[in-house]
Amino acid sequence: MEPLIALLIGVLFAAGIYSLLRRSIVKLVIGVVLISQGANLLVFTSGGLLAGRPALVEAGATVLEAPFGDPLPQAMVLTAIVIGFGLTAFLLALVCRAHEAVGDDDINAFDNTDT
Amino acid sequence: MSEYALLLPILIPLIGVVLLLLGARSLAVQRAGGVLFSSLTFAASLYLLFAVDQADYLVMQMGAWEAPFGISLVADRFSAVMVAVSSFMGAAVGIYALSEIDEARLKKFFFPLYLVLIFGVNGAFLTGDLFNLYVWFEVMLIASFVLMSMGGEKGELEGGLKYVCLNLLSSVMFLAGAGIIYGKTGTLNMADIGQQLMLAENADWALSSSMLLLVSFGLKAGMFPFFFWLPASYHTPPSAVSAVFAGLLTKVGVYALFRSYTLIFMPLFPEVQNILLWLAILTMVTGVLGAASHFDMRRILSFHIVSQIGYMVLGLAFMTPLALAAAIFYLVHHIIVKTNLFLVSGVVIRMKGSCDLAKVGGLCNSAPWLAALFFIPAFSLGGIPPLSGFWAKFALVKSGVEIHAWWAVTFALLVGVLTLYSMTKIWAEAFWKKQPEDVDTTPAKPVGPLVFMVAPIVVLSISTVVIGFFGEPLFEFSERAAAQLLDPQSYISAVLPQPAEVSP
């Protein structure tokens, strides 16, 4: 399972970077979203993937039996997803307002504050 | 009891945010609350600084979960001095904002957001957990995103977009790096990661996440070649916002770099030393050349942030006790001076309606006091004795000479000269030359009395002079802080309950 997910993470990063390099600001947002999903998936996979072994002590037992899925990356990735969600919403609103102010969706038109 | 000193610089701004949101209607409440809570945070940070200087380390385990499992708050001397000086800037700029931030921005919750920014910055300095550091970065960034773009002017939105996108990318890399290191060590506690790497015979497997974090923190710190968002955005918002960004945000990135290579990835430092050294040199040189080519006061100052970051990273790359002490001294000096320069540029805009050097002039005659107030931080930045910048540069160069890093020393001195060149450019254009006649200089309607803008500038200028003339206590403190940074084992044993036994 892990190699498959690793491949998927790679594809997400590649697609994200490709979108970032396009000239439209909407594709910029799509690129940022894809890359951040790739990173979320990376954190999720980092704890190791185990199907059907939740980190719960079974009835009657007193200790957790050895192979169990690590719950911490899932908690972390939830935090990261929520943060990413909020930031994406803000980024969309910002792109919308910037598009109104500049009047173009080509990144090359956004060079007034540059050097 | 003194552990609770750790909580205050985080809790006070948070309480302030909640109370200010409750009193949202009244602008007077917003103003008074913003100043009150940022000043209280400063007071708390001073208490923390004294407590840490006595106790060496203050550690608090959140929810009483023992160290590698819960989230630790840790303050050593380095983080305590960073909290103190950034809360100092928070209080000073809070007062300045009274007279610069207009009603529209106040109604969009300027002060609560400003306190969220201080909250995030202090949290980032005090946490001892890598993922928690990521969360503090995000708290700080989301507040800064809104502060940067809340005015809704074209420049702000454009600059804001660049700022937001590149910082999001940096966060993604941070997250990926933290995820990979968690997968390999099974912990996110900085002390625990550091210990596992030190005990490992060969720590090369941590190189990938260390590089991801290096790029991420380098991006946030504005290092070469990741600094492009900084000069493209910092000159767009009101000066109070630029000033607090210039003073604090990039320094959090520098702090994180220091923490990474003196604690988390300490055993990997030899592998990155040369990379850091050359990145630092290139950061200094490109930053100062960018500044030399510009003709707008705030753009020049933005590029100078980049070039000065190079000096601090250079101190990290040397990694001798003197170099680290010099870098810490440099950070303190730089935060005060750079914030102050942006505040001065705000007063220039208030008087002349612009800080484009082609449009302003004659300030030496019309406002000689402002010329004096600009002179102190500007020439401190350039490294003129006896101001604080001279001692910072002197110690750094001395530490470079001691380890025969001739190239780095040569570039550091050269960049110092070029810094002086662009400061004299501002001086000659804005202050000495006559006011150009055919230029419209009607300034915008001022928001509040000038005294609230000038008072913080005076206080910060006095601090610069005091550090210059009586800098010895601060330098000795920096040396003690540097000694702590070079001894990660004591940090680890202060944080972890029973060393070398816990390994899940």
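Modeller: Before we start, a word we will need: a residue is buried if 20 or more other C-beta atoms lie within 10 Å of its own, exposed if 12 or fewer, and partly exposed in between. Please keep in mind that this is a predicted model.

Biologist: Thanks! What percentage of the 115 residues of chain A count as buried?

Modeller: We apply that cut-off of 20 or more C-beta atoms within 10 Å to each residue. Among the 115 residues of chain A, the share that counts as buried is 27%.

Biologist: Which pattern does chain A follow when read along the sequence?

Modeller: Chain A has 3 helices and 0 strands. Reading along the sequence, then, the pattern is α-α-α.

Biologist: Is chain A a compact globule or more spread out?

Modeller: The C-alpha trace of chain A spans about 65 × 25 × 20 Å along its principal axes. For 115 residues the globule rule gives 13 Å, but the radius of gyration of chain A is 20 Å. That is well over the rule, so compared with a compact globule, chain A is more spread out.

Biologist: Which element gives the most to the side of chain A that touches chain B?

Modeller: The contact takes 29 residues from chain A and 30 residues from chain B. On the chain A side, α2 (25-46) and α3 (72-102) each supply at least two residues. The element that gives the most, with 15 residues, is α3(A).

Biologist: And by class, how many nonpolar residues does that side of chain A have?

Modeller: The side of chain A that touches chain B has 2 charged and 8 polar residues. Its count of nonpolar residues is 19.

Biologist: Let's zoom in on one residue. Does A:Leu28 count as buried or exposed?

Modeller: A:Leu28 sits in helix α2 of chain A. Setting aside neighbours within four places in sequence, it is in contact with A:Leu20, A:Ile107 and B:Cys165. It has 21 C-beta neighbours inside 10 Å, and the cut-off is 20 or more. A:Leu28 therefore counts as buried.

Biologist: Over in chain B, how far apart are the end C-alpha atoms of helix α7?

Modeller: Helix α7 of chain B covers residues 154-185, which is 32 residues. At 1.5 Å a residue, it should span 46 Å. The model agrees, with the end C-alpha atoms apart by 46 Å.

Biologist: How many of the 32 residues of α7(B) are buried?

Modeller: Just after this helix, B:Gly186 takes a positive phi of about 70°. As for α7(B) itself, the rest of the structure largely encloses it, because the number of buried residues among its 32 is 28.

Biologist: Which residues touch the most other members of the largest nonpolar core?

Modeller: This core has 217 residues, and helix α14 (residues 321-352) of chain B gives the most to it, with 20 residues. One well-connected member touches B:Met223, B:Val254, B:Leu257, B:Leu276, B:Leu279, B:Ala280 and B:Thr283, not counting residues up to four places away in sequence. That member is B:Val313, and the full answer is B:Val313, B:Ile328 and B:Leu396.

Biologist: Which helices of chain B do the buried residues of α12(B) pack against?

Modeller: Helix α12 of chain B runs over residues 269-292. Its buried residues include B:Leu276, B:Leu279, B:Ala280 and B:Thr283. The helices of chain B that they pack against are α9 (207-221), α10 (229-233), α13 (297-318) and α18 (406-432).

Biologist: Where in chain B does B:Pro225 lie?

Modeller: The peptide bond from B:Phe224 to B:Pro225 is cis, with omega near -5°. B:Pro225 lies in the loop between α9 and α10 of chain B.

Biologist: Does B:His404 count as buried or exposed?

Modeller: B:His404 lies in the loop between α17 and α18 of chain B. Its phi is near 55°, a positive value in a residue other than glycine. It has 9 C-beta neighbours inside 10 Å, and the limit is 12 or fewer, so B:His404 counts as exposed.

Biologist: Last one! In chain B, in which helix is confidence highest?

Modeller: Chain B averages a pLDDT of 87, and 98% of the residues score at least 70. Its confidence is lowest in helix α15 (residues 363-366), at a mean of 80. At 93, confidence is highest in helix α5 (residues 110-126) of chain B.

Key. Residues numbered from 1 in each chain as written. Chains lettered and ligands numbered in written order. Predicted model: local features only at pLDDT ≥ 70, side-chain atom pairs only at ≥ 80, totals over all residues. Helix = DSSP H or I, 4+ residues; strand = E, 2+ residues; numbered from the N terminus. Rg over C-alpha atoms; globule rule 2.2 N^0.38 Å. Contact = placed C-beta atoms within 7 Å. Nonpolar A, V, L, I, M, F, W, Y, C, P; charged D, E, K, R; others polar. Expected span 1.5 Å × (residues − 1). Core = buried A, V, L, I, M, F, W, Y, C linked by C-beta atoms within 7 Å. pLDDT = per-residue confidence, 0-100.
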